[in-house]
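Q: Hey, can you walk me through this structure? I'm new to this, so plain words please.

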Amino acid sequence: MAFEPPQRLVRALGETAPSGDDWLEKLPEVAQQAVDLRELTVERVQVPGGRSSLVVLVRRADGTPAVLKLAPRRARPESERAALARWGGLGAVQLAEPFAAEGVLVLERLHPDVSVRSLPEAKALLEAAGTLRRLWVEPPGDHAFETVAERTGRQARVMRGSGPEVASLVSAALEAREALLAAPPEARLLHGTFRQSKVLAAERVPWLAVGPDPVVGECAFDLARLVRDRVEDLIATPSGASTTRRRIKRLAESLDVDQERLRGWTLFRAVESGVRALRVGRPRDAELLLEFAGWL
């Protein structure tokens, strides 16, 4: 079959691709080779799919349903593999293939079209938070995962080059980061990009996390992205700011995370995402994120 990358993936990678990157051009050939090597039967490419990888629903040679995932090196697929191996299926999707192939993951099949985002908001937050808690484990002693300090350091360098229209928010976000990194309370293996759409319905347990971009650091960093889930709904309601504050309090209490640290990381991550959206030409997304950050 033709492994045509979904437009969502094409747009997202186009925003971040370095000059001369030809991963998308080679993707159909790489996908076909991965299928042939493993004797997989292709059902369909998952659409709209993700922003950093091609996801293909397949069946293995014995008929078992699975997922073939292909990602460029800059999406850190080997880091994802290492995190999934560490979790061993507890709270997250399982690896279905024991050996490593660069940029290729074979995973257990979940229900790709059913995430906790389909639940009412309060229930979705509860289920998502419960899933996230199970992922917060000690990292291996010899791990090579990026740390929160390293990742946010790269992001901070880019944020400092932002224009005057966002200067006050950027300054507040950078100050919050410096204070948070001065005395982190713990170092855990984190999902890194956790939100409601990253939690899918499963067979062996009700919900499992997918698509990590793992990082090692404090739990509040991981929880911060969940705070702003459904940001467009928050912005659309007059009570959005107060709802956000209540959400921070509820999530912090339910997962034993310091409320002020969660607020600080939520601010940093919202501003970083908003500035990035401005930089790549997504002004509407930037407007939502920066208005949300202003509430914090």
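Q: Let's begin with the outside. How much accessible surface does the protein have, and what share belongs to carbon and sulfur atoms?
A: The accessible surface is about 13,900 Å², and carbon and sulfur atoms hold 53% of it. Such areas come from the Shrake-Rupley method with a 1.4 Å probe, and for residues only the protein chains shown count as cover.

Q: Anything I should know about the model itself?
A: This is a predicted model, where local features need pLDDT of at least 70 and side-chain atom pairs count only at pLDDT 80 or more, while totals for chains, interfaces and linings use all residues. Residues are numbered from 1 along each chain as its sequence is written, and side-chain values use heavy atoms, with hydrogens and water left out.

Q: Cool. How many helices and strands are there?
A: The protein has eleven helices and nine strands. Both are DSSP runs numbered from the N terminus: helices are H or I with at least four residues, strands are E with at least two.

Q: And how compact is the protein?
A: It is as compact as a globular protein of that length, because its radius of gyration is 19 Å, close to the 19 Å that the globule rule gives for 296 residues. The radius is taken over C-alpha atoms, and the rule is 2.2 Å times the number of residues to the power 0.38. Along the principal axes, the C-alpha atoms fill a box of roughly 55 × 40 × 40 Å.

Q: What percentage of the residues is buried?
A: Buried residues make up 51% of the 296. Buried means under 20% relative accessible area, exposed means over 50%, and partly exposed is in between (1.4 Å probe, protein chains only).

Q: What about contacts between residues far apart in sequence?
A: Take the contacts with a separation of 6 or more: 70% of them are between residues 24 or more positions apart. A contact means heavy atoms within 4.5 Å.

Q: Switching to charges. How many positive and negative side chains are there?
A: There are 43 positive and 41 negative ones, and the centres of the two sets lie 3 Å apart. Lys and Arg count as positive, Asp and Glu as negative, with His and the chain ends not counted. Each charge is placed at NZ of Lys, CZ of Arg, CG of Asp or CD of Glu.

Q: How many salt bridges does a search find?
A: The search of the whole structure finds 25. A salt bridge here is a side-chain nitrogen of Lys or Arg within 4 Å of a carboxyl oxygen of Asp or Glu.

Q: Show me one?
A: Sure: R204 and E108 meet at 2.6 Å, N to O. This pair links distant parts of the chain, with R204 in the loop between strand 7 and strand 8 and E108 in strand 4, 96 residues apart.

Q: Is R204 buried or exposed?
A: In between: R204 counts as partly exposed because its relative accessibility is 38%. E108 counts as buried, at 17%.

Q: Got another pair?
A: R261 and E218 also form a salt bridge, at 2.6 Å, N to O. R261 is in helix 10 and E218 in the loop between strand 9 and helix 7, so the pair ties together parts that are 43 residues apart in sequence. Both R261 and E218 are buried.

Q: And one inside a single helix?
A: K249 and E253 meet in a salt bridge at 2.8 Å, N to O. They both lie in helix 9, four residues apart, which is about one turn of the helix.

Q: Which residues do shared salt-bridge partners join into one network?
A: That network is made of R76, E146, R151, R154 and D213.

Q: New topic: which residues does C219 touch?
A: Leaving aside neighbours within four places in sequence, C219 is in contact with W136, E186, R188, L190 and V257. C219 is in helix 7 and counts as buried because its relative accessibility is 9%.

Q: Any backbone oddities?
A: A cis peptide bond joins V47 and P48, with omega about 5°. P48 is in the loop between strand 1 and strand 2. E39 has a positive phi of about 55° although it is not a glycine, and R230 has one of about 60°, also without being a glycine.

Q: Is E39 buried or exposed?
A: E39 is exposed, with a relative accessible area of 58%. R230, by contrast, is buried at 13%.
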